[in-house]
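Trainee: I would like to learn how to read a sheet, its helices and a ligand shell from a model. Where should we begin?

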Amino acid sequence: MVLRPYRRSDAAAWSEVRCANQAWLAPWEPSPSGRWEDLNSPAAFRYVYRDHRRQSRRGEAMPFAVCLREDGRERLVGHLNIGSIVRRAFCSAYAGYWVDGRVAGRGIIPTALALAVDHAFGPGGLHRIEVNIRPENGPSRRVVEKLGFREEAYHPRYLHIDGAWRDHVGYALTIEDVAAEGGLLARWHRLRSTAS
Ligand SMILES: CC(C)(COP(=O)(O)OP(=O)(O)OC[C@H]1O[C@@H](n2cnc3c(N)ncnc32)[C@H](O)[C@@H]1OP(=O)(O)O)[C@@H](O)C(=O)NCCC(=O)NCCS
């Protein structure tokens, strides 16, 4: 698995994976402002890419393409963003993610999230990462629970997702939670090896 910044040349692969996964992703994403195929076309990626670049440059977000390296080739299979970064006394951000349903259940996003959190706590200079999840999104709740995020809050009508204001469960992790274990990826590796 590879976590890397987006490239302009990701347009076709990004569009293919987004269009193939409409039914899989739509229930968990911000209500769309147009037709799915238009918002996820290769042409639309130009705006997504520009937005990612602008937010990264301003220090507001760390958007990553999640890729698999198979047979010497790299395949874009998902997305992970550390976004809405606030610094000063907060040094906190929100993580969001998705993976291609065709490769779900292989631990790709827990690994990607662990890598991204370690990056955010290390070179990124952040102290706290929060993940907000619809209560009925069992797979996503499993991701953060497996990694040991703390369930901290219940937010009624928190985000406008898939056409309505939806409740969310708030999970969080601070740097102190993983420092003694050598980071979140080290914790994830340890947990996986104990489980197998
Ligand atoms: C949530 C999501 C990112 C998890 O990514 P992943 O890489 O599949 O994560 P995991 O492999 O750790 O699987 C998480 C859980 O999904 C469930 N799962 C496993 N295989 C699955 C499959 N083929 N299809 C659906 N769910 C599956 C299991 O409950 C698993 O937990 P377990 O390891 O305790 O059995 C992914 O399901 C997804 O993209 N969902 C749609 C978008 C979304 O919900 N984004 C998050 C919004 S908060």
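Mentor: Begin with the sheet. This is a predicted model. Its open sheet has 7 strands in the order S1-S2-S3-S4-S5-S7-S6, and the pairing is mixed.

Trainee: Which strands stand at the edges?

Mentor: Strand S1 (2-4) and strand S6 (150-161) do. Each has a single partner strand, so one side of each is left without a neighbour in the sheet. Direction ignored, neighbouring strands of this sheet are turned by 30° against each other on average.

Trainee: Which helix packs on the sheet, and what does it touch?

Mentor: Helix H5 packs there, touching S1, strand S2 (62-70), strand S3 (73-86), S4, S5 and S7. The direction of H5 makes about 45° with that of S3.

Trainee: How do I read the pairing of individual strands?

Mentor: Strands of a sheet pair through backbone hydrogen bonds, either parallel or antiparallel. Here S2 and S3 run antiparallel and are joined by 9 bridges, with Met62 opposite Ile82 in S3. S3 and S4 also pair in the antiparallel sense, over 7 bridges. For that pair, Asn81 stands opposite Gly96 in S4, and Gly83 has Tyr94 in S4 as its bridge partner.

Trainee: In what sense do S4 and S5 pair, parallel or antiparallel?

Mentor: The sense is parallel, over 3 bridges. Ala93 has Ile129 in S5 as its bridge partner. On S5 (residues 128-133) the pairing with strand S7 (residues 164-174) is antiparallel, over 6 bridges; there Glu130 is partnered by Ala172 in S7.

Trainee: What should I look for in the hairpins?

Mentor: Look at the number of residues between the strands and at the sign of phi. The hairpin of S2 and S3 has 2 residues between the strands, and Asp71 takes a positive phi near 50°. The hairpin of S3 and S4 has 5 residues between them, and Arg88 in the turn has a positive phi of about 55°.

Trainee: Why is S4 described as largely enclosed by the rest of the structure?

Mentor: The reasoning is a count: 6 of the 8 residues of S4 are buried, so S4 is largely enclosed by the rest of the structure.

Trainee: How can the length of a helix be checked?

Mentor: An α-helix has 3.6 residues a turn, so residues three or four places apart point the same way. For length, use the rise. At 1.5 Å a residue, the 16 residues of helix H4 (residues 42-57) should span 22 Å, and the end C-alpha atoms are 23 Å apart, which agrees. After H4 comes Gly59, with a positive phi near 75°.

Trainee: Is Val178 buried or exposed?

Mentor: Val178 lies in helix H7 (residues 175-179). Val178 counts as buried because it has 21 C-beta neighbours inside 10 Å, where the cut-off is 20 or more. Leaving aside neighbours within four places in sequence, Val178 is in contact with Leu173, Gly183, Leu184 and Arg187. From Val178 to Trp24 there are 154 residues in sequence and 32 Å in space, C-alpha to C-alpha.

Trainee: How many residues surround the ligand, and which are the closest?

Mentor: The ligand is surrounded by 20 residues, the closest being Trp28, Ala104, Gly105, Ile109 and Pro139. Two or more residues of this shell come from each of helix H2 (22-25), strand S4 (92-99), helix H5 (108-121) and helix H6 (138-147). H6 gives the most, with 5 residues.

Trainee: What is the shell made of by class?

Mentor: By class, 13 residues are nonpolar, 5 are polar and 2 are charged.

Terms used. Residues are numbered from 1 along each chain as its sequence is written. This is a predicted model: local features need pLDDT of at least 70, side-chain atom pairs count only at pLDDT 80 or more; totals for chains, interfaces and linings use all residues. A residue is near a molecule or strand if its C-beta atom, placed from the backbone, lies within 6 Å of it. Helices (H or I, at least four residues) and strands (E, at least two) are DSSP runs, numbered from the N terminus. Ala, Val, Leu, Ile, Met, Phe, Trp, Tyr, Cys and Pro count as nonpolar, Asp, Glu, Lys and Arg as charged, and the others, Gly among them, as polar. A residue is buried if 20 or more other C-beta atoms lie within 10 Å of its own, exposed if 12 or fewer, and partly exposed in between; C-beta atoms are placed from the backbone. Two residues are in contact if their C-beta atoms, placed from the backbone, lie within 7 Å. Two strands pair if DSSP finds at least two bridges between them. Axes are lines fitted to C-alpha atoms, for helices over the stretch in contact, and angles run from 0 to 180 degrees between N-to-C directions. The expected span of a helix is 1.5 Å times one less than its number of residues.
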